[in-house]
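The following exercises treat pairing and bonding in a protein model. Each task is followed by a solution in steps.

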Amino acid sequence: MFAPSDGEEGAARGTGADTVSQETREAVRGNLMTETSPLLDHCPETLPAESYHDPEWFAREQRAIWRRSWVNVGRLNDLAPGTMRRHEIGGQNVILCRASDGRLGAFHNTCRHRGAELCPADEKPLGKLITCPYHNWAYDMSGRLVSTAFATPTADFDRQAHGLFPVHVRQWNGFVFLSVADEPPELCPDLGLSALDNWPMDTLRTGHRITRDLDCNWKIFWENYNECLHCPGIHPELCDMVPIYRQGVMAANEAPGWEAGTPQAPTLKEGARSWTMSGAPCGPEFAGLTAQEKANGYNFVTVYPTMFVVAHVDYVRSVTVTPLGPERTRLTAEWLFPDETLAQPGFDAAEVARFATLVLDQDGAACEMNQRGLKSGKYQSGRLMPQEFDILKFHNWVRAQMEPA
Ligand code: FES
Ligand SMILES: [Fe+2]
């Protein structure tokens, strides 16, 4: 899976981390790669061109994919108790409420009286009840209608049948996910629910956030994420940090001539510990990581279609993908740190984020270039190369999701 969306150039400048680095590098060298090469033995066809710009196709994806998935809506600790927030999930207007006692509830953003928006702002304070701003009907945190305010219904009105329409909520590693599906699927990170258990995820705080609205279809972003053939041409700084990317691959067993049993090489360039401009960690390293997790330098976990997380030895970053239209996609990137790192005198989270932002913007420009080109009347579909096995998996996942639609 594509890693590059962060990175930093830079050699470590003589931090005490070099000793640790040596230990972890040796631990990794002890591991032999025994898996088989994931390279494809053929060059399959891509998704059709219209799937990237046709409004009807996009509407079907909203129904078949986005309304049937879990969607990340941000960090729990960025949502203050006593707050209501408005989100859009697969084109559906929903609210996420955090009561003053911390309880979470989520509902479709529509009142059962005459359908007004319950939360007409992106965020607003939440009292004890969820009160419609139009005629003041009020609902409790379980969605039950508890007051019709100035309106006095007749006996034929069944209050119990007029609660809010619920939306599913769940948490994972400090992120809050919503699903508007009747029966939501399992939350399925590609490396499993426990992939980030060695990081203190729940306690990390957002130190920096950027958003980018790209002129491309959301699938273009994921395709770019899933291959490194573009790395040598698009990401010179990233290729400096992660030497194997210079070959246009993400792992040794994808490289030409690789043989099973080859010792693993360290991932980051000599002396680098993390994806920061200098290569040095931006604060204390997480204590619970394995030697392999430390030596990796970056640990990617992907939750389709909504987000990926990159966990480093010192901080964690998430990127959330939100389709805004057939040819418009919002990226929200957040940098997460432990309190002790944020409390360091002079700590500058934006500086830590600088390299990843550079790489993300390089990817964004590539995605927009891809989108413009595939709208040529001549382009009907393309072909995947053997190294693009993760794109094939993504395409097959999209095809499977779309089938019932
Ligand atoms: S529409 Fe909500 S109270 Fe009337
Ligand atoms: Fe990239």
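At 25% relative accessibility, Arg86 counts as partly exposed, a class that lies between buried (under 20% relative accessible area) and exposed (over 50%), computed with a 1.4 Å probe on protein chains only. The model is predicted: local features need pLDDT of at least 70, side-chain atom pairs count only at pLDDT 80 or more, and totals for chains, interfaces and linings use all residues. Residues are numbered from 1 along each chain as its sequence is written, chains are lettered from A and ligands numbered from 1 in the order in which they are written, and side-chain values use heavy atoms, with hydrogens and water left out.

**Exercise 1.** Identify the salt-bridge partner of Arg86 and locate both residues.

*Solution.* Step 1: apply the criterion, a side-chain nitrogen of Lys or Arg within 4 Å of a carboxyl oxygen of Asp or Glu. Step 2: the partner is Glu117, with the closest N and O atoms 3.1 Å apart. Step 3: Arg86 belongs to strand 2, whereas Glu117 sits in the loop between strand 4 and strand 5, 31 residues apart. Strands here are DSSP runs (E, at least two residues), and helices likewise (H or I, at least four), numbered from the N terminus. Step 4: Glu117 is partly exposed as well, at 28% relative accessible area.

**Exercise 2.** Describe the sheet that contains strand 2.

*Solution.* Step 1: two strands pair if DSSP finds at least two bridges between them. Step 2: four strands form an open, antiparallel sheet in the order 4-3-2-5. Step 3: strand 4 (104-108) and strand 5 (123-125) are the edges, each pairing on one side only. Step 4: strand 2 (residues 83-89) and strand 3 (residues 92-98) share seven bridges, and Ile89 stands opposite Gln92.

**Exercise 3.** Explain why Cys367 forms no disulfide, and state which cysteines do.

*Solution.* Step 1: a disulfide requires two cysteine sulfur atoms within 2.5 Å. Step 2: the closest cysteine sulfur to that of Cys367 belongs to Cys216, 4.7 Å away, and is therefore too far for a bond. Step 3: Cys228 and Cys231 are joined, S to S 2.1 Å, and the count comes to one disulfide. Step 4: the link is left-handed, with -105° about the S-S bond. Cys228 is buried at 3% relative accessibility, and Cys231 is buried at 0%.

**Exercise 4.** Which parts of the chain does the salt bridge of Arg212 and Asp361 tie together?

*Solution.* Step 1: their side chains meet at 2.7 Å, N to O. Step 2: Arg212 lies in strand 11 (residues 205-214) and Asp361 in helix 8 (residues 349-374), so the pair ties together parts 149 residues apart in sequence.
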